[in-house]
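Subject: Structure handover

Hello,

Here is the structure we talked about handing over. Please open it next to this note; the findings follow below.

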Amino acid sequence: MTVTDMTTTPARLGRVSAGLAGLTGWRRLLAAAGFGGLATLALPPAGAVPLLLIAFPGLLWLLDGARTKRQAFAVGWFFGFGHHLLGLYWISAALFTDIERFWWALPLSAAGLPILLAMFTGFATLLVWMLRGRGMGQGLGKAVLFAASWALFEWLRGHVFTGFPWNLVGYGWTGVLPVLQGVSLIGICGLSLLTVLVASLPACLADAAVPRRRAWGALAAGLALFAALGAWGGLRLAGASDATVPGVRLRLVQPAIDQRLKWAAGERVRNVQQQMELSAAPSSEPITHVIWAETAVPLFLDQDARLRQALGSVTPPGGLLVTGVPRMEAGPEGEPLYYNSLAAVDGSGAVTGRFDKFHLVPFGEYMPLRRWLPVGAIAGNGAEFSAGPGPVSLDLKGLPPVSPLICYEVIFPGAVLPAAEDGAGRPRWMLNLTNDAWYGNTAGPYQHFAIARTRAVEEGMPLVRVANTGISGVVDSHGRVTAMLPLGHRGVVDAALPEALPTPTLYGRVGDGAFGLLLMTCFAVGLRARHRR
C-alpha cells in the first residue's frame, strides 16, 4: 500500500462513516440488519471471515449516530436480528416434517429465536454507547470496548436460559485449521473476542481524532496477531501425532432416512433392517464396534428381547453396537418417563452400557412454557423427554472411556466432559450421536459439524460423530477430519479411533478462565483509553 493510499483511504472511509452515522429511522435499522446478515456469511458453511472487516465497522459507524439509549440498543438489536435470521433460518425446516401439526410455530421458529437472541447484541451496543456517553468518544478504545462487550454478551447467550451458544463469531475459523488451534488456549469465546476486535479496527481509520499512523498500525498489529496465531497453529499441526487406539476399528452407519419416514409406523422395522444390512456389509479390515445415530432404533429396546437379539446378530464378535434409542421407565408415581438415550448392545443382545441425554432442547424435547403453551414437544411427537445426569465418563467393552453427547449437547464449550472431581477419570474420546435429518440440505448440519469439530480442538480429544443423514465423521485431537460421510449420503465409513493428547490442553485445564482474563484485560484497556481521552 502506497503513502497516497494510506492518505486517501481514511478520507473515503470518513465519508462512508459519516453517511452511516447520519442515517435515521428505518434506514439506520435496515442498514444494521443488513450488516448483521453480512456477518453471517463469515460463519460455516460460507466461512467468508474477511466480510467481518465490513460488517463490524459498519455497525460501529451506525452506532455513532445513536443519540439515545433506545437508539443504541435498536442498532445492535437489528444487527443481531439480521445476523440470526439468516444464520438460523434452517431451524424452521424441522417443522415441515409435520407442517399440518406445527404450522402455527413457523413464524415463532423463523423469527422468534432471532428476536430473542438479538437482545444480547442490543445490550452489547448499549453498553458501548453508555461508556462512550461518559467521554470516551471514538478511537481505538471504542473498538476494544466493543469487542469486549460483544464477547461478554456472546458468552452470556451461551449460558442464560439454558444457553444457546450457536454461531459464535469464532466459528468462522473452522475452515482455517491453523487459526482454529487457538481455541486450545482461549476457547471459542476467546477466539471470538479477538476476531471481533481485529474486525472492528478499520472503523478507527475513519476517525479524524486517531492519528493515521496509529490507526494503520493498530490494524496491521491486529492482522499480524492472527498471522502469528496461524503460524503457531501450523507448527502445532506439523507436530501432531497420527496415533490411533490399538485394536479398535469403528464403523459409522449413516442410513440417510427421511425424517418423515423415521417414526412412521410401517417404516420403523424396515429402517432398523436397513441399518443392520449396512452394518453387516463386508470390510477390508475387521470391525470391532458399530455406531448408529441418535434414535436410530425408533423402538423401546429394553422392552423387546427379539429386537435386542437381532441387533446382537450384527454386532462384531467381542465388540458392541452403540446406538441411539428412546427409553421409557416408570416415574415415582407410576407415570411414564421418556429419555433420549444411547445403548450399547453386545453379541448376545444384552445392553451393557447406557446413557441418557442431559441437556434437552427447549420446545423440541420439552416445553419450558407448558403453562401457557398446551402442546407437546416437537421432537418427541407430542411427548416430553426427561433429562439424565451428565456429562459422564462411560466405560464400554473394548473402548477407552468415552464422553457421550447426544445432538446439541456438543455445542456447549466447557460442558462436554465430566468434572475432574467426579472421580470417574478423564474420558479419552467424545461420541456425538445426532439426527440432523430434521433440517434437510440446509446450513444447519454444516454448522453443527463445525461446532462439534471445535470441541475436539478445545479439549485435545478426538470426537466421533454419527448422524442419520450426515455429516458423520471422525475428528482427531487437532480438529483434522480423518473420515467423513457427506450430508445426505447413505453408507458406512470405517475408521480407526485417534488417540487423545497425552495431557489436557490449556482450555481443557482452565476452561473459560483464560477467556475471562482476556475479557477483563480488554475492558481495562478500553476504559483506560476513555479516561486518557
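D302 is partly exposed, because its relative accessibility is 37% and the partly exposed class runs between 20% and 50%. This is a predicted model, so please read every value here as computed. The side chain of D302 forms a salt bridge with R354, at 2.7 Å from N to O. The two partners come from distant parts of the chain, 52 residues apart. D302 sits in the loop between β2 (289–291) and α13 (305–313), while R354 belongs to strand β5 (residues 351–356). R354 is also partly exposed, with a relative accessible area of 37%.

**Other salt bridges**

The structure has 13 salt bridges. Strand β5 takes part in another one through D356, whose partner R327 is in strand β3 (residues 320–330). These two residues are 29 apart in sequence, and the pair again links distant parts of the chain. Their side chains meet at 2.6 Å, N to O. Are D356 and R327 buried or exposed? Both are buried.

There is also a network: D242, D476 and R480 are joined by salt bridges that share partners.

R270 pairs with E267 at 3.5 Å, N to O. R270 counts as partly exposed, because its relative accessibility is 45%.

**Nonpolar cores**

In soluble globular proteins, nonpolar side chains tend to be buried together. Here the largest nonpolar core has 121 residues. Which of them have the most contacts inside it? They are F56, F79, I291, L431 and V464. Helix α9 (residues 183–200) supplies the largest share of this core, with eleven residues.

F56 is a good place to start looking. Leaving out residues up to four places away in sequence, F56 touches F79, F146, W150, V169, V196, A199 and S200.

A second core is separate and has 17 residues. Its members include V253, I287, V325 and V345.

**Helix α7**

Helix α7 covers residues 140–157, which is 18 residues. From first C-alpha to last it reaches 26 Å. That is close to the 26 Å expected at 1.5 Å a residue. How many of its 18 residues are buried? The count is 15, so α7 is mostly covered under the cut-off of 20% relative accessible area.

**Surface patch**

On the surface, L185, W232, L506 and V510 make up a nonpolar patch. Together they have about 290 Å² of accessible area. V510 lies in helix α15 (residues 506–510). V510 is partly exposed, because its relative accessibility is 42%.

**A glycine in α2**

G37 is part of helix α2 (residues 25–40). G37 is buried, because its relative accessible area is 13%. With residues up to four places away in sequence set aside, G37 touches G82, H83 and L86. G37 and Q181 are 144 residues apart in sequence. Their C-alpha atoms are 27 Å apart in space.

**Backbone geometry to check**

Some backbone features deserve a look in your viewer.

- A cis peptide bond joins G390 and P391, with omega about -5°. P391 is in the loop between β5 and β6 (402–406).
- Another cis peptide bond joins G470 and I471, where omega is about 10°. I471 is in the loop between β8 (463–467) and β9 (472–475).
- N167 is not a glycine, yet its phi is positive, about 55°. N167 is in the loop between α7 and α8 (177–180). At 5% relative accessibility, N167 is buried.
- A256, also a residue other than glycine, has a positive phi near 55°. A256 lies in the loop between β1 (244–254) and α11 (259–262). A256 is partly exposed, because its relative accessible area is 26%.

Best wishes

Conventions: Residues are numbered from 1 along each chain as its sequence is written. This is a predicted model: local features need pLDDT of at least 70, side-chain atom pairs count only at pLDDT 80 or more; totals for chains, interfaces and linings use all residues. Side-chain values use heavy atoms; hydrogens and water are left out. Patches are made of residues with over 30% relative accessible area and no salt bridge: like charges are joined within 9 Å, nonpolar side chains (Val, Leu, Ile, Met, Phe, Trp, Tyr) within 5 Å. Accessible areas come from the Shrake-Rupley method with a 1.4 Å probe; for residues, only the protein chains shown count as cover. A salt bridge is a side-chain nitrogen of Lys or Arg within 4 Å of a carboxyl oxygen of Asp or Glu. Helices (H or I, at least four residues) and strands (E, at least two) are DSSP runs, numbered from the N terminus. Buried means under 20% relative accessible area, exposed over 50%, partly exposed in between (1.4 Å probe, protein chains only). A nonpolar core is a set of buried Ala, Val, Leu, Ile, Met, Phe, Trp, Tyr and Cys residues joined through side-chain atoms within 4.5 Å. Contact means heavy atoms within 4.5 Å. The expected span of a helix is 1.5 Å times one less than its number of residues.
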